[in-house]
Protein chains: 2
Amino acid sequence: VNPTYQPIQLEAELTAVAELWSPRVVAELNGQMVKVAKLKGEFVWHQHDGEDEMFLVLKGAMRIQFEDGEVTLRQGECFVVPRGVRHNPVADEECWIMLFEPANTAHTGEVVTARTRSLAEQTQHRREAG
Amino acid sequence: VNPTYQPIQLEAELTAVAELWSPRVVAELNGQMVKVAKLKGEFVWHQHDGEDEMFLVLKGAMRIQFEDGEVTLRQGECFVVPRGVRHNPVADEECWIMLFEPANTAHTGEVVTARTRSLAEQTQHRREAG
């Protein structure tokens, strides 16, 4: 059996995530990255000038705040934040999500905070497993 | 409230899908399309020469056959079929999935069959709703 023919198990990937707001890259396709993350509390207001970003809730619920409103996402719901739109993810309780964004996207946008994780940090587990 | 701040409810989108193997576009980001589809039975062997394609199972289970093996995907599991790899999706029971692929991807690859749905057909509901 070809060892690459293994499914990506999202729940197992998320179980391996120890830190809140620290995205874990689980797949790449067409220059886009698929990530999982655990959220709780408030992130940071930011924007991605050149990239759209999709959030899909796998467990729990989250809100995405915008300057003129917000959207609530529950399990099985997703939303695309268009490029250039300032937003702030908030999770009142712990929420598990899947993220889609280009490989070059900084997850805190133009803002660098204590929560900023480099792409090397987001993919570290893959090199260790390799 | 800005009417664009509505979540995409995957189960509701899938409930609206009447036909098997007929992808429904639910979102677009960065030139990629997010689609949902209901599968049952065997699709058709094909490949996408320039595009990777991701399958995520939302309900049920499916298999992706390759020329030298296969992968089984259950709920909450995903897999990226790399560009150029011949594959055939199979669902022994009805399976609900999410698909990620570039906007220009023909879902039956280079093969045109009775199951081929044009992008206009895959997005028809969005123009009707608009």
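Colleague: Which residues lie nearest the centre of the largest pocket?
Modeller: In this predicted model, Leu58(A), Gln75(A), Gly76(A), Leu58(B) and Gln75(B) lie nearest the centre, among a lining of 20 residues. A pocket is an open set of points on a 1 Å grid over the protein atoms alone, where a 1.4 Å probe fits, with protein on both sides within 12 Å along at least five of seven lines; lining residues have an atom within 4 Å of a point.

Colleague: By class, what does that lining have?
Modeller: The lining of the largest pocket has 12 nonpolar, 4 polar and 4 charged residues. Ala, Val, Leu, Ile, Met, Phe, Trp, Tyr, Cys and Pro count as nonpolar, Asp, Glu, Lys and Arg as charged, and the others, Gly among them, as polar.

Colleague: On to the chains: how many residues does the contact take from each?
Modeller: The contact, meaning heavy atoms within 4.5 Å, takes 36 residues from chain A and 36 residues from chain B.

Colleague: What is the count of salt bridges there?
Modeller: Between chain B and chain A the count is 0 salt bridges, a salt bridge being a side-chain nitrogen of Lys or Arg within 4 Å of a carboxyl oxygen of Asp or Glu.

Colleague: And which classes make up the side of chain B that touches chain A?
Modeller: That side of chain B has 18 nonpolar, 10 polar and 8 charged residues.

Colleague: What conventions apply?
Modeller: Residues are numbered from 1 along each chain as its sequence is written, while chains are lettered from A and ligands numbered from 1 in the order in which they are written. Local features need pLDDT of at least 70, side-chain atom pairs count only at pLDDT 80 or more, and totals for chains, interfaces and linings use all residues, while side-chain values use heavy atoms, with hydrogens and water left out.

Colleague: Which residues lie nearest the centre of the second largest pocket?
Modeller: They are Pro7(B), Ile8(B), Glu13(B), Val26(B) and Arg126(B), from a lining of 12 residues.
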